[in-house]
Amino acid sequence: MSKIIIGRYIPGNSIIYKMDPRGKIIAAFFFIALIFLANNWITYSLITLFTFAAVFATKLKIKTFWQGVRPLIWLILFTSVLQLFFTTGGKVYWHWGILNISHYGIENSIYIFIRFVMIILMSTVLTLTTTPLEISEGMEWILTPLKYLKVPIGQIALVMSIALRFVPTLMDETVKIMNAQRARGADFNDGGLVKRAKAIIPILVPLFINSLTIAIDLAVAMESRGYREGEKRSRYRVLKWSQYDWINFAFFALLTVLLLIFRNH
Amino acid sequence: MSIEFKNVNYIYNQGTPFEYQGLKDISFNLTDGNFIAIIGHTGSGKSTLLQHFDALLKPTSGEIKLAGFDITSKTTNKNLKSLRKKVGIVFQFPENQLFAETILKDAMFGPLNFGMDADLAEKNAKKWLKRLGIKEELYEQSPFDLSGGQMRRVAIAGVLAYEPEILCLDEPAAGLDPVGRKEIMSIFKEYQKNGHTVILITHEMDDVAQYADDVLVLQQAKLIKHTTVADLFENPEWLAEHYLNQPHAARFAQTLKQNGFKLKQTPLTIEQLAKSISKKMREYNE
């Protein structure tokens, strides 16, 4: 479980860590849109170079990023292979029934592969360098306009931060309960489907009860410290826009211009 | 037979950026049938060490021999059930592991898992529930209706019900009232005297002094001392250096000494303290 890297934050100290989460989130979404501007070898190379530059700028181990891509690699390859066999156009190299390998097919499947991998790498750059709490604060700011449509953004953001905050706590709790039941001879990996499903009960019941206890305790603690629904709150961590965010945006602007120039080449 | 740890290392999350070493080169030999205390600060590796007794964690390197089993990094999960039948663990706040509809069913969960037939499992569960002071009319009720202290007792009964050869306890009395604490600690002591090994993690030096034979002291994932209880508390300077306390009785004797009233031996329990004071008083009178 601890090997999954998607959505995980790893402490670090490079420039990307100093950027404002709002800027990083906007940039990450913008990047996904940008990728669709690429339509030839030059533009795809530009996107790839840019992504790798971002990956290196985090100063984290490359292995960590590979761990992020690995769980999805089969899905990506599968999609690429579908593209390879079903795209028609250009010179046909091989064909059998509805399957064929064409010039466009080869090109398209490689483009799709690059697109997927770059999107995953870029979102991994975001999640590895930004704590879940920062992401939820950034999202809250980005969604602020919805307030005028009477959407309770503040509360939604609070629910989000609490949920994120308690993911590791509940993971720990689960491991503890599983260990306690294992010590009492429970076996989670043995027997047929029914037996395995039954074996989960001794984990689920305590986990459920403990989460409720934690939730009630948290509610009492929050109320006793003055939390009221819908009331205005000040912030402990104030998001600050820095020069690094401008630099970040400048790079993205540069990439956009380059893509627009070279896409019609 | 004994419990043997040989150069045991354990690394959490090996190969990830979250890697850290939980145990560093731990080696010791424990005699079967003893009461052993493990002390040390929060984060010193006590609970990590305890989980190795049951192969819930397997050493990254090194070897463990206990109850006729060899545990190394290569141990597979296949035959662990027979090991876990012999080694019981009462985790911290064991009341969090209760799940069954009735108290009796929960206490029978372990024995049934380890292949006891239903009659024997029920007999054993009832025996230990009774020993831990749970009234018979409660057996068919939900464990979640009990008070925290009683839930703790049910959980402990659930481990004792399969009568493990080695009983491991992780602060079993934390948060209990003084009477309850004394009660369950004496149950563990009695269990040891009836021919079982008991391993106790605790922060209470009074419990160490009163119940344990040997002590393992952990600090920052290393074993820094393995000695007898009497020897450990003989040396207040060493204890202070490692931010550990003496038991109350010994501290009282220490203060008496500073005021010019010196006892021959460092008393470890209230009984010993009372005895040595009255003995000394008698000598004065004569």
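**A friendly note on chains A and B**

1. A good place to begin is chain B, where six strands make up an open sheet of mixed pairing, in the order 6-7-8-3-9-10. Strand 6 (87-90) and strand 10 (222-228) of chain B are the edge strands, each pairing on one side only. From one strand to the next, the twist averages 15°. Please keep in mind as you read that this is a predicted model.

2. Within that sheet, have a look at strand 3 (residues 35-40) and strand 9 (residues 214-219) of chain B, which run parallel and are joined by five bridges. To find the pairing on screen, pick B:Ala37, which stands opposite B:Val215 in strand 9 of chain B. Helix 6 (residues 178-193) of chain B packs on the sheet and touches strand 3, strand 7 (166-170) and strand 8 (197-201) of chain B. The direction of helix 6 makes about 150° with that of strand 8 of chain B.

3. Chain B also has an open sheet of four strands, with antiparallel pairing and the order 2-1-4-5. Strand 2 (20-31) and strand 5 (69-71) of chain B each have a single partner strand, so one side of each is left without a neighbour in the sheet. Direction ignored, neighbouring strands here are turned by 15° against each other on average. Strand 4 (residues 61-66) and strand 5 of chain B run antiparallel, with three bridges between them. As a landmark, B:Ile64 stands opposite B:Ile71 in strand 5 of chain B.

4. Next come two helices of chain B. The axes of helix 10 (residues 248-258) and helix 11 (residues 270-285) of chain B come within 8 Å and cross at roughly 30°. Angles under 35 degrees count as roughly parallel, and helix 10 and helix 11 of chain B are therefore roughly parallel to each other. Their crossing is right-handed. On the side of helix 10 of chain B, B:Ala249, B:Phe252 and B:Ala253 take part, meeting B:Ile270, B:Gln272 and B:Leu273 in helix 11 of chain B. Sorted by class, this contact has five nonpolar residues, one polar residue and no charged ones.

5. Turning to chain A, you will find it divided into domain 1 (15-143 + 241-262) and domain 2 (153-224). The centres of domain 1 and domain 2 of chain A, taken over C-alpha atoms, are separated by 35 Å. Six residues from domain 1 of chain A and six residues from domain 2 of chain A make the contact between them. The side of domain 1 of chain A that touches domain 2 of chain A has four nonpolar, one polar and one charged residues.

6. Chain A has a hairpin that is worth a visit. Strand 1 (residues 92-96) and strand 2 (residues 99-102) of chain A pair in the antiparallel sense over four bridges, and A:Val92 stands opposite A:Ser102 in strand 2 of chain A. Two residues lie between these strands, and A:Gly97 in the turn has a positive phi of about 60°.

7. How many residues does each chain bring to the contact between chain A and chain B? Chain A gives 21 residues and chain B gives 25 residues. Helix 8 (153-183) and helix 9 (193-224) of chain A each supply at least two residues of the side of chain A that touches chain B. The largest share of that side, seven residues, comes from helix 8 of chain A. By class, the side of chain A that touches chain B has 10 nonpolar, six polar and five charged residues.

Notes
Residues are numbered from 1 along each chain as its sequence is written. Chains are lettered from A and ligands numbered from 1 in the order in which they are written. This is a predicted model: local features need pLDDT of at least 70, side-chain atom pairs count only at pLDDT 80 or more; totals for chains, interfaces and linings use all residues. Two strands pair if DSSP finds at least two bridges between them. Two residues are in contact if their C-beta atoms, placed from the backbone, lie within 7 Å. Ala, Val, Leu, Ile, Met, Phe, Trp, Tyr, Cys and Pro count as nonpolar, Asp, Glu, Lys and Arg as charged, and the others, Gly among them, as polar. Domain bounds come from an automatic or database domain assignment. Axes are lines fitted to C-alpha atoms, for helices over the stretch in contact, and angles run from 0 to 180 degrees between N-to-C directions. Angles under 35 degrees count as roughly parallel, over 145 as roughly antiparallel, 65 to 115 as roughly perpendicular and the rest as oblique. A crossing is left-handed if the near helix is turned anticlockwise from the far one by less than a right angle, and right-handed if clockwise.
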